[in-house]
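I opened this entry to record what I looked up in the structure. The notes go from the core outward to single residues and end with the chain as a whole.

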Amino acid sequence: MASPGDHLRRGPIAIILVEDHVAVAATLAHHMEAGFKKILALSPEPLSPADLPPDPKGRVLNLLFDARMAGAHVRAVNAVIEAAPADTWLYYGYNAEFLFYPFSESRGVGEMLAFHAEERRRGMLTYVIDLYAPDLARHPDAVSMDEAMFDRTGYYALGRSDRNGGTRERQLDFYGGLRWRFEEHLPADRRRIDRIALFRTETGLRLLPDHRLSIQEYNTYSCPWHNNLTAAVASFRVAKALVRNPGSREQIRSFTWRNSEPFRWSSHQLMERGLMEPGQWF
């Protein structure tokens, strides 16, 4: 019988924190199609057959873990960092979140990460792009895979301060989407949309509660010499939370506004909107 460590010997590995039953099968299938060698689906209860896509190669491993607890991402990701061999590429996200990277329709995630590693990069900046249903009367959970919308504009960045009041080199705090438009319903420490969702393991590395990593170079958006690849995570997570939470659900009638655009589930659309950087990879 294989031990948990046996499943971590070949990357890249995706960690999916399953908080509810929304779009679980679609999330797992999306990351299988991207080419992850192993997908760790962490859920409070065993996933039902309806939550699992066809998996003839046994790439999805369902592990029991309370993904709803505060700081679940920190505990889960750091445990995998400790268990995985050094230099393993990891991705982490949640159910109803979908990773996109430049040319992801035709290029596998392993191929993309191999190029990124050749550029001596060990982490990849990803922007969390909020998705939402256009009609909350028809989709009260704010999720619609067929009619998903996102904000085509309204994104901005601010310099990131260090402990001494200076500015960290090649690091920025990014904002936009529903976290910006409905910021009064979100704590200040949850309004950023940047996440180092793809990174390579090494001894001593730790994920921090604010989705940054403990080694500062991992948190940079590019190397000093030229632009590097960035990726995007198309996510229904904030929309789901805003229609569930008592403090916001009675005040929000719709997420659509003049700058809403149908999401085409395409990396090209995200690149056209400046939400993803191909760097030197063509």
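By nonpolar core I mean a set of buried Ala, Val, Leu, Ile, Met, Phe, Trp, Tyr and Cys residues joined through side-chain atoms within 4.5 Å. The model is predicted, and I read every entry below with that in mind.

**Cores**

I looked up the largest nonpolar core first. It has 72 residues, and the members that touch the most others are F36, Y91, M112, L198 and F199. I then listed the partners of L198, leaving out residues up to four places away in sequence: F36, W89, L90, Y91, L99, M112, L113, G123, M124 and A231. A second core, separate from this one, has 12 residues, among them A142, V238, L242 and F255.

V238 and L242 sent me to helix α5, residues 237-244, where V238, A239, K240, L242 and V243 are buried. I asked what the buried residues of α5 pack against. They pack against β6 (123-130), α4 (177-181) and α6 (246-249).

**Helix α1**

I took two residues from this helix. T27 sits in α1, which covers residues 24-34. Is T27 buried or exposed? Its relative accessibility is 0%, so T27 counts as buried. Beyond its neighbours within four places in sequence, T27 is in contact with I16, Y94, N95, A96, E97 and F98.

H30 is also in helix α1. With residues up to four places away in sequence left out, H30 touches F98, L99 and F100. F98 is thus a partner of both T27 and H30. I also checked H30 against E97: they are 67 residues apart along the chain, and their C-alpha atoms are separated by 9.4 Å.

**Loop after β5**

P102 lies in the loop that runs between β5 (97-100) and α3 (109-118). P102 has 0% relative accessibility and therefore counts as buried. Which residues is P102 in contact with, leaving aside its neighbours within four places in sequence? I found L229, T230, S267, M271, M276, E277, P278 and W281. For W281 I noted the spacing as well: P102 and W281 are 179 residues apart along the chain, with C-alpha atoms separated by 8.2 Å.

**Loop after α3**

E119 is placed in the loop between α3 and β6. At 15% relative accessibility, E119 counts as buried, because the cut-off for buried is under 20%. Residues up to four places away in sequence aside, E119 touches H226, N228 and Q280. I also looked up E119 against F36, a residue listed above for the largest core. The C-alpha atoms of E119 and F36 are separated by 21 Å, and the two are 83 residues apart along the chain.

**Positive phi**

I noted two residues here. D87 is not a glycine, yet its phi is positive, at about 70 degrees. It lies in the loop between α2 (72-83) and β4 (89-94). With a relative accessible area of 39%, D87 is partly exposed.

H211 is likewise not a glycine and has a positive phi of about 70 degrees. I placed H211 in the loop between β10 (194-200) and β11 (231-235). Its relative accessible area is 17%, so H211 is buried.

**Whole chain**

I counted elements last: the chain has seven helices and 12 strands. Is the radius of gyration what a compact globule would have? For 282 residues such a globule would have a radius of gyration near 19 Å; the chain has 18 Å, which agrees. The C-alpha trace spans about 50 × 50 × 35 Å along its principal axes.

Of the 282 residues, 53% count as buried. Among contacts with a separation of 6 or more, 70% are between residues 24 or more positions apart. The chain exposes about 13000 Å², of which carbon and sulfur atoms supply 51%. I closed with the charges: there are 35 positive and 35 negative, and their mean positions are 2 Å apart.

Terms used: Residues numbered from 1 in each chain as written. Predicted model: local features only at pLDDT ≥ 70, side-chain atom pairs only at ≥ 80, totals over all residues. Heavy atoms only, no water. Helix = DSSP H or I, 4+ residues; strand = E, 2+ residues; numbered from the N terminus. Buried < 20%, exposed > 50% of the residue type's maximum accessible area, 1.4 Å probe, protein only. Contact = heavy atoms within 4.5 Å. Rg over C-alpha atoms; globule rule 2.2 N^0.38 Å. Areas by Shrake-Rupley, 256 points an atom, 1.4 Å probe, with all protein chains shown as cover. Lys, Arg positive; Asp, Glu negative; His and termini not counted. Charge placed at Lys NZ, Arg CZ, Asp CG, Glu CD.
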